[in-house]
Amino acid sequence: MNHFILIASLLLLFLLNNFVVEARQIAKSTTTGTRWVVLVAGSNYYENYRHQADVCHAYQILKNGGLKDENIIVFMYDDIAFNVQNPRPGIIINKPYGPDVYNGVPKDYTGENCTANNFLAVILGNRTALTGGSGKVVNSGPNDYIFIYYADHGSAGMVTMPTGDDLYAKDLIEVLKKKHEAKSYKSMVFYLEACESGSMFDGLLTEDMNIYAVTASTPAESSYAMYCPGHYPSPEDDFETCLGDLFSISWIEDSEKHDLQKETLQQQHGVVRRRTLVDYLDFSSHVMQYGNKELSKEPIFSYIGTNPDNDNFTMKAEEFSSNPSAEIAHSSRLTRGAVSQRDAQLHYLWHRFNRSADGSSEKIEAQKQLQNEILSRQQVDQNIHQIIAQVFGEENVSKMIESIRPAGQPLVDDWDCLKMLVRIYGEICGSLSIYGKKYTRAMANMCNAGINEKQMTLASNQACLK
């Protein structure tokens with residue numbers, strides 16, 4: 001009897017091994033085109049360390065996955081590694097006590113060349129539209145796979161770039177449509193880390209474009225910074241800024257350990273959604289999916305390759321649970337901390353002030369910067385409140401600020417109107433800060449309610465020129 005069980009076990013092991021080999025062969029055979037990747041860190045300054053750290057770490061995943069530099073295009077301001085505040089000169093880490101992820105990263109579009117215009121030109125493969133940079137573009141064909149990862153600050157309907165204009169959802173979608181109409185890719189995956197990032201695709205990205213988009217949050221909630229000073233897990237004491245973002249480190253750290261020939265995009269979504277929503281329940285966002293969700297059945301390998309060192313990684317079914325409600329009662333990690341992306345700068349300034357020696361010049365300067373940030377936020381709150389009150393009445397201020405359109409409906413009907421309101425506010429009241437951009441939803445609601453240029457100009461003058 002025991003002999004029979006042994007033979008049966010060996011036979012089962014042999015069949016499972018053949019199944020794994022066959023699955024890998026199928027995964028490899030389905031990827032006949034070239035993999036193209038665009039990585040974007042949409043911010044600068046040391047307090048935004050985490051965005052460039054996320055992008056650099058993602059690059060290391062791609063290199064270990066077998067992608068060539070000629071097919072990887074990187075946007076980052078590149079002011080972090082050698083920043084005077086960086087306690088590890090020439091090194092960037094993406095988690096506490098982590099390895100250097102900066103080494104070898106291509107410098108394609110840095111500094112003043114890290115712009116929305118160049119990003120859109122790169123996607124289209126339009127070299128003539130570039131203004132500086134390495135000149136690398138996504139020169140893809142109909143059998144190719146494209147992966148875009150964008151880590152940044154965001155607000156309703158837009159994400160930022162270090163220099164130049166912000167990137168509006170309408171402009172991004174129009175470029176993606178052109179790329180699709182040109183038949184210059186087989187399928188595309190877009191991962192977006194930003195506050196209110198769902199608003200970049202909700203009601204805009206259609207299934208027929210063969211693009212699968214995953215966002216760190218819904219159209220109306222913040223995404224979160226991670227590995228921040230004073231929170232667990234915390235970086236080394238000499239770091240004063242957050243090292244990563246919760247959504248980003250979730251997909252990157254998952255990709256770092258799995259055999260991506262076997263893990264599908266949908267399975268990774270389950271891992272990331274659970275970690276983002278459950279493991280940090282008090283600081284959570286809802287990871288969203290848009291576009292052609294059928295593509296989520298494909299192996300991640302098709303887009304970013306896989307590290308051969310992970311070939312023998314054993315997956316556990318519970319790792320890929322996409323139902324976080326079942327995990328809530330059993331989560332024992334609620335003491336962990338995360339910081340709203342929009343408040344990360346405030347956290348950075350507070351931490352600098354708190355750790356400076358009493359009476360020192362550093363303490364005085366940190367206090368000044370912290371107070372200025374708080375006063376700036378209060379001023380923006382007041383400006384927006386007064387502008388809305390003058391046009392729609394005091395009783396409608398909360399409605400204009402808080403109203404959210406139903407899922408599947410774009411943020412605004414007239415995107416040119418939204419751009420116009422943001423421009424007028426900037427010209428009269430000063431450019432919207434990262435914090436101030438939380439009010440782009442209010443401006444979209446004002447457009448949807450029919451406000452015109454004359455009304456916005458008059459209200460802004462009355463609110464901001466007193």
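1. In which helix is Glu373 found? Glu373 is found in helix α10, and since the structure is a predicted model, this placement, like everything below, describes a prediction. The relative accessible area of Glu373 is 13%, and the residue is therefore counted as buried, the cut-off for that word being under 20%. Its side chain is joined to that of Arg377 by a polar contact of 2.8 Å. When residues up to four places away in sequence are not counted, Glu373 touches Gln345, Leu346 and Leu349.

2. Helix α10 as a whole covers residues 361–392, and its length can be checked: at 1.5 Å a residue, its 32 residues should span 46 Å, and the end C-alpha atoms are 47 Å apart, so the two values agree. The buried residues of α10 include Lys363, Ala366, Leu370, Glu373, Arg377 and Val380 in one part of the list, and Asn383, Ile384, Ile387, Ile388, Ala389 and Phe392 in the other. An α-helix has 3.6 residues a turn, so residues three or four places apart point the same way. The buried residues of α10 pack against α9 (344–355), α11 (397–402), α12 (415–429), α13 (440–448) and α14 (453–464). After the helix comes Gly393, which has a positive phi, near 95 degrees.

3. For the wider setting, the protein has 14 helices and 12 strands, and 56% of its 466 residues are buried. Among contacts with a separation of 6 or more, 76% are between residues 24 or more positions apart. The accessible surface comes to about 20,200 Å², and carbon and sulfur atoms hold 52% of that surface.

4. A second helix for the reader to inspect is α3 (residues 116–124), which is mostly covered, with seven of its nine residues buried. The buried residues are Ala116, Asn118, Phe119, Leu120, Ala121, Val122 and Ile123. Their cover includes the strands β1 (35–41), β2 (72–75), β3 (145–151), β6 (167–168) and β7, together with helix α4 (169–181). Gly125 follows α3, and its phi is positive, near 75 degrees.

5. Which strands pair with β8? Strand β7 (residues 187–193) runs parallel to β8 and is joined to it by five bridges, with Leu192 having Thr215 as its bridge partner in β8. Strand β11 (residues 288–291) pairs with β8 in the antiparallel sense over four bridges, and there Val214 stands opposite Gln289. Strand β8 itself (residues 211–215) is mostly covered, as five of its five residues are buried. In a regular strand the side chains alternate between the two faces of the sheet. In β8, Ile211, Ala213 and Thr215 point one way, while Tyr212 and Val214 point the other way, and all are buried.

6. A separate open sheet has three strands in the order β10-β9-β12, with antiparallel pairing. Its edge strands are β10 and β12 (339–340), each of which pairs on one side only. Between β9 and β12 the antiparallel pairing extends over two bridges, and Ala225 stands opposite Val339 in β12.

7. The loop between β9 (224–226) and β10 (244–245) holds Glu240. Is Glu240 buried or exposed? Its relative accessible area is 16%, so Glu240 is buried, given that the word applies under 20%. The side chain of Glu240 makes a polar contact of 3.2 Å with the side chain of Arg352. Leaving aside neighbours within four places in sequence, the residues in contact with Glu240 are Gln85, Pro229, Tyr348, His351, Arg352 and Arg355. The C-alpha atoms of Glu240 and Gly230, which lie 10 residues apart along the chain, are separated by 9.3 Å.

8. A last residue to consider is Gln268, which is found in helix α6 (residues 265–277). With a relative accessible area of 1%, Gln268 is buried, again because the cut-off is under 20%. A polar contact of 2.9 Å joins its side chain to that of Tyr191. Not counting residues up to four places away in sequence, Gln268 touches Tyr191, Trp251, Asp254, Ser255, Glu263 and Ile300.

Terms used. Residues are numbered from 1 along each chain as its sequence is written. This is a predicted model: local features need pLDDT of at least 70, side-chain atom pairs count only at pLDDT 80 or more; totals for chains, interfaces and linings use all residues. Side-chain values use heavy atoms; hydrogens and water are left out. Buried means under 20% relative accessible area, exposed over 50%, partly exposed in between (1.4 Å probe, protein chains only). Contact means heavy atoms within 4.5 Å. A polar contact is a pair of N or O atoms within 3.5 Å; within protein, one must be able to donate a hydrogen and the other to accept it, and residues adjacent in sequence count only if both atoms are side-chain atoms. The expected span of a helix is 1.5 Å times one less than its number of residues. Accessible areas come from the Shrake-Rupley method with a 1.4 Å probe; for residues, only the protein chains shown count as cover. Two strands pair if DSSP finds at least two bridges between them.
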